[in-house]
Amino acid sequence: MWFFVRLILRNLGRNGLTGLGIVIAIAAFGMLRTVVDAWYAGAEATAADRLVTRNAISLVFTLPIAYLQRIRQVEGVTRVSYANWFGGVYINEKNFFPQFAVEPESYLAMYPEFVLADDEKIAFLRDRHGALAGRKVAERFGWKVGDTIPLRGTIFPGNHSFVLRGIYRGADRKTDETQFFIHWQYLNERLKTEQASRAEQVGIYITQIDRPARAAELSQAIDRLFQNSLAETLTETEKAFQLSFVAMTETILVAIEIVSFVVIIIIMAVMANTIAMSVRERRREYATLRALGFGPPYVIALILGESLVIALLGGAIGLAVTFPAAARFGARFGSLFPIFAVSDETVVLSGAAAASVGVVAAAVPVWRTLRTSVSEGLSSLG
Amino acid sequence: MAVPLLYSWKNLWVRKLTTLLTAGGMALVVYVFSTALMLTEGLQQTLVATGSPDNILVIRRGSETEVQSSIDREQAAILTSLSEIALNADGRRRASREVLVLLGLPKNKTGVPSNVTIRGISRDGLELRPQLRMVAGRLFQPGSSEIIVGNKIAGAFRGTQLGGSVRFGLRDWAVVGVFDAGNTGFASEIWGDGEQLMQAFRRNSYSSVIGKLANPARFEAVKQRIESDPRLTVEVKRETQFYADQSEMLSNFLKILGITLSTIFSLGAIIGAVITMYGAVANRTREIGTLRALGFRRGSILIAFLLEAAFLGLIGGVLGVGMASLMQFVTISTMNWQTFSELAFTFTLTPAIGAKAMAFALAMGLLGGVLPAVRAARLDIIDSLRAA
């Protein structure tokens, strides 16, 4: 190892620059993988025993509240809750955060990952004009329990205002702490007076089932209840439901994934260039070594070793930079990516990328050196 | 006296591997840079071209998209009889009451469902969109369960090919025609008879009203008049502006993502250029000494090496833009977050993007070449002639 470090020190400027390039590339690679992971975070945070039922036409269409009793009666269903996407605007469009009008008691029972103090929970359940916000969204806007939060409706016209009754925390890192909940009853009463034709409607039903293994069977059982009705349903696991959102923007995700590999290829080219230059300068040394009786494996080890040490050192620093960078990015774009954390898989992939940059960059120079005969090498100009 | 251009150019070919690797790295950066701009451009052109500047689009106040909007029959009737709207040959106002809903349809290739926009139009709806023409089959019959599909999605979703059928709202809808709407958002939509679609979806209100202004210059006055009418709870936009607004979020996202990435990546490529150019200077120390001895000034040496770096950048730029221009044959289909529906658009290369990409490449080359060129220019004649 020290031997290679001394080799690198022979041209510190060049190797240092290359190392810096690798630091940047590995950090960029790590960040891009984390962005892709963040996209899937919603699907990762789901539970296997929860099913989501929505209108079969598309999410824009609602389902009658009357379905509640019928879904409850399905054997194997232990609990049913429901929610509407509220889609209000807080002050202006830039302050986006997800808002749902839910049936609070069953919803909170079904999502134990939203951790909430008992007194706040009771206060929220009791107040039909109350609201519950995630820790991150409350911090973002500086809300405290008791504050009044005005929202301008886009889907449900008019101005709405809610009193913040509680702030929940996530039970683990995976839990989304940017959501905002209000009472479905509040919304419904308001619709009854203003737009009666849209009242008594539910966006999605969330169903808890007794055993996750029965998900497929129970999904079909629920959908069968409403076949050939005016509002046919589509029931799937919560994970499949979340993944269907990811799938809609899949093209962008694929592009980001491709680009994360492009940066590795760019740095491979830069690294290969550096190694090629080092090797070119030392052609006579290698030829001398070979004339002294050192075989090709020794020469290969010399070139590959230097390349790998630069790549791995750069990779290690790059990875070390990724963590604080991700933390800052996550804090800044929390509304876009509620969960933004570097996964173990990303760490492994970044390490593998750095190592492969080291190996691939050494390949052509090694091949060229071995192809040069000893006498050619000895006679070459340094 | 200047060092001949050819000197800088030919030096690049002396060390082909190094030049190729460095220019290749830059080419990839330029490729990422230009594809991001091309994608943004394609998206904007598609949505801007969707609207027509003479048309106004009316949606419910506070709703941002046609899908969220609802306009009841009474208000729609007031809107379609406004005197500011142009008349057609039969003396009817040139306006269309439209209903827009999203339908989750599985993609043919992957089976994964995505949201497709279905637009129900009134009889004058087609006339308001001159950019639209039928390319296969025929128009739907008013009052029937027939639909026509845009060329960008025809066949891409299950049942959307000519002669196919799509089931929703307890009915089978026959695909009787395919229309070409050029590079517009309409090309990703399904169209049918508005009243039939409203019945199928059990809704009693329209999503939007589109009308052709008799005098497009009076837009502001018309907007004022409609929005202050106490019978109406609507907002009025030019159709072009409405669609341009819909591209805002996605195109900003693509642009910021693309530019951030290419800036970070360009650091890597610049480092590559620095290494290459330092190498070039180190290898040619004696040559530089000779040039100086022949009477070339420090400034000429500086320029010769800067030019070499610039050429390096330009080679990378040409390769990168060349690769990116191939992307023009690719159509991207993804969800537009603002409308929650599928939209197809193509990578569009404009001369401005080409110029920006080349400038970017040149800047990378020059930035990488500055320090090495300065070192070359500062070499001492005697020392450099003595160098091994």
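A residue is buried if 20 or more other C-beta atoms lie within 10 Å of its own, exposed if 12 or fewer, and partly exposed in between, with C-beta atoms placed from the backbone. The model shown is predicted, so local features need pLDDT of at least 70, side-chain atom pairs count only at pLDDT 80 or more, and totals for chains, interfaces and linings use all residues. Residues are numbered from 1 along each chain as its sequence is written, while chains are lettered from A and ligands numbered from 1 in the order in which they are written.

**View 1. A:Leu234 is a buried residue in a strand.**
A:Leu234 sits in strand S12 (residues 233-237) of chain A. Helices (H or I, at least four residues) and strands (E, at least two) are DSSP runs, numbered from the N terminus. Around A:Leu234, 20 other C-beta atoms lie within 10 Å, so the residue counts as buried. Two residues are in contact if their C-beta atoms, placed from the backbone, lie within 7 Å. Leaving out residues up to four places away in sequence, A:Leu234 touches A:Arg54, A:Ala56 and A:Asp223. A:Ala56 is 178 residues from A:Leu234 along the chain, yet their C-alpha atoms are separated by 4.8 Å.

**View 2. A:Ile91 has a positive phi.**
Most residues other than glycine have a negative phi. Phi of A:Ile91, however, is near 65°. Where is A:Ile91? It lies in the loop between strand S3 (77-85) and strand S4 (99-102) of chain A. A:Ile91 is exposed, because it has 11 other C-beta atoms within 10 Å.

**View 3. B:Arg202 also has a positive phi.**
The phi of B:Arg202 is near 50°, and this residue is not glycine. B:Arg202 is found in the loop between helix H4 (194-200) and strand S10 (205-206) of chain B. Is B:Arg202 buried or exposed? With 12 other C-beta atoms within 10 Å, B:Arg202 is exposed.

**View 4. Helix H2 of chain B has 35 residues.**
H2(B) runs over residues 16-50. From its first C-alpha to its last, the helix reaches 48 Å. That is close to the 51 Å expected at 1.5 Å a residue. The expected span is 1.5 Å times one less than the number of residues. H2(B) is mostly covered, with 29 of its 35 residues buried.

**View 5. Two domains of chain B meet.**
Domain bounds come from an automatic or database domain assignment. In chain B, domain 1 is 5-48 + 248-386 and domain 2 is 55-212. Their centres, taken over C-alpha atoms, are separated by 46 Å. The contact takes 13 residues from domain 1 of chain B and 15 residues from domain 2 of chain B. On the domain 1 side, H2, strand S13 (331-336) and strand S14 (341-346) of chain B each give two or more residues. S14(B) gives the most to this side, with five residues. By class, the domain 1 side has five nonpolar, seven polar and one charged. Here Ala, Val, Leu, Ile, Met, Phe, Trp, Tyr, Cys and Pro count as nonpolar, Asp, Glu, Lys and Arg as charged, and the others, Gly among them, as polar.

**View 6. Two domains of chain A meet.**
Chain A is divided into domain 1 (2-41 + 250-379) and domain 2 (57-231). Their C-alpha centres lie 48 Å apart. Six residues of domain 1 of chain A touch nine residues of domain 2 of chain A. The domain 1 side has four nonpolar, two polar and no charged residues.

**View 7. Chain B is in contact with chain A.**
Here 45 residues of chain B are in contact with 40 residues of chain A. On the chain B side, H2, strand S3 (95-106), strand S4 (113-121), helix H7 (248-283) and S13 each supply at least two residues. Which element of chain B gives the most to the side that touches chain A? H7(B) does, with 13 residues. The chain B side divides into 25 nonpolar, 17 polar and three charged residues.

**View 8. Chain B is more spread out than a compact globule.**
Chain B has eleven helices and 14 strands. Its radius of gyration is 30 Å, well over the 21 Å that the globule rule gives for 388 residues. This radius is taken over C-alpha atoms, and the rule is 2.2 Å times the number of residues to the power 0.38. Of the 388 residues of chain B, 51% count as buried.
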